[in-house]
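Work through the two exercises below with the sequence and the structure side by side, and try each task before you read its solution.

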Amino acid sequence: MKIYIDGSLYDKDDAKVSVFDHGLLYGDGVFEGIRAYNGRVFRLEEHVERFFDSARGILLDFPLSREEAAAAIVDTVRASGLKDAYIRAVLTRGAGDLGLDMRKCKRPTFIIIVDKIALYPEAVYRKGLDLVTSSLRRPAADVLNPAIKSLNYLTSILARAEATRAGAHEAVLLNQQGHVAECTGDNIFMVHGGRLRTPPLWSGILGGITRAVVLDIARGKLGLEAVEDVCTTFDLYRADEVFVTGTGAEVIGAVRIDGRVIGNGLPGPVTQRIVSAFREYANSNGTPVYEAVGAR
Ligand code: PMP
């Protein structure tokens with residue numbers, strides 16, 4: 001494992017940042033979770049774009065150009081020697097003093113961690129997730145805009161803890177209007193009569209890159225109808241199939257929601273087609289990390 005901090009590579013035990021970094025003191029920063037499949041970084045340009053948008057959203061000037069940031073990510077993956085990896089890119093406000101004033105933070109800290117990740121054991125991909133609706137809601141866009149991938153993840157962390165206490169894998173968060181928004185680190189889809197449906201971007205969600213890929217694959221290769229529409233928990237309960245999407249989780253079926261069994265209690269046929277099509281696509285597309293992809 002290799003960790004990039006501000007232009008240098010470190011081993012895990014030597015990778016350190018200041019305790020005065022406002023990323024630590026205040027959650028003042030933004031991040032991206034990216035994957036490399038088969039020696040290629042998946043959707044790198046889209047992740048860098050969202051990273052820069054998030055930084056702009058919190059008035060954080062990126063110390064590098066988009067091209068330089070993308071190259072730093074690719075170089076760090078190469079230094080790790082991994083072909084399949086999870087990449088965490090973080091940009092914090094940097095070290096300041098103990099006040100909130102961002103002007104005291106002279107230089108942002110840019111961190112890239114390349115490691116392996118397995119969010120769920122393989123059996124969960126086969127059997128599907130158990131979800132519960134969280135008592136916590138996604139914040140409104142004028143509080144903490146869920147479209148900004150900031151370091152403030154307490155809502156997700158506490159919702160996830162609620163799910164764990166209820167014996168479930170994941171939590172569904174509603175927005176301020178009581179409509180389904182997303183899960184703690186994933187977007188959510190449902191299938192009604194072969195038609196896909198997912199909450200729209202304006203419903204207070206992170207614009208997931210996996211979500212966008214799944215919409216493209218569903219409408220393109222699989223020829224399915226897919227709509228972005230307001231959803232209620234009842235729409236989830238009466239769906240034929242439900243699945244969630246995210247860089248970490250990839251595509252994974254959900255088979256129980258708030259005690260209701262979805263479909264026949266196993267990931268359904270549409271979900272399975274999307275899982276296979278996504279895996280195939282992800283394993284054959286992306287920015288090459290090694291000179292001759294597949295040679296290592
Ligand atoms: N929603 C939230 C709150 C997330 O943290 C994530 C993971 N980054 C997603 C959705 C899924 O986004 P993506 O597919 O880009 O990983």
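**Exercise 1.** Find how much space lies in the largest pocket, and work out where this pocket lies with respect to domain 1 and domain 2.

*Solution.* The largest pocket holds about 770 Å³ of space. Here a pocket is an open set of points on a 1 Å grid over the protein atoms alone, where a 1.4 Å probe fits, with protein on both sides within 12 Å along at least five of seven lines, and lining residues have an atom within 4 Å of a point; the volume is the space filled by probe spheres set on the points.

Next, take the lining, which has 39 residues, with Phe31, Lys149, Tyr153, Thr184 and Gly185 nearest the centre of the pocket. Finally, because domain 1 (2–115) and domain 2 (122–282) both give residues to this lining, the largest pocket lies between them; the domain bounds come from an automatic or database domain assignment.

The model is predicted, with local features needing pLDDT of at least 70 and side-chain atom pairs pLDDT 80 or more, while totals for chains, interfaces and linings use all residues. Residues are numbered from 1 along each chain as its sequence is written, and side-chain values use heavy atoms, without hydrogens and water.

**Exercise 2.** Describe the area buried between domain 1 and domain 2.

*Solution.* Begin with the C-alpha centres of the two domains, which lie 26 Å apart. The buried area, meaning the accessible area (1.4 Å probe) that two parts lose on being put together, summed over both, is about 1700 Å², and carbon and sulfur atoms give 62% of it. On the domain 1 side, Phe31, Phe42 and Arg50 supply 35% of the area buried against domain 2, more than any other three residues.
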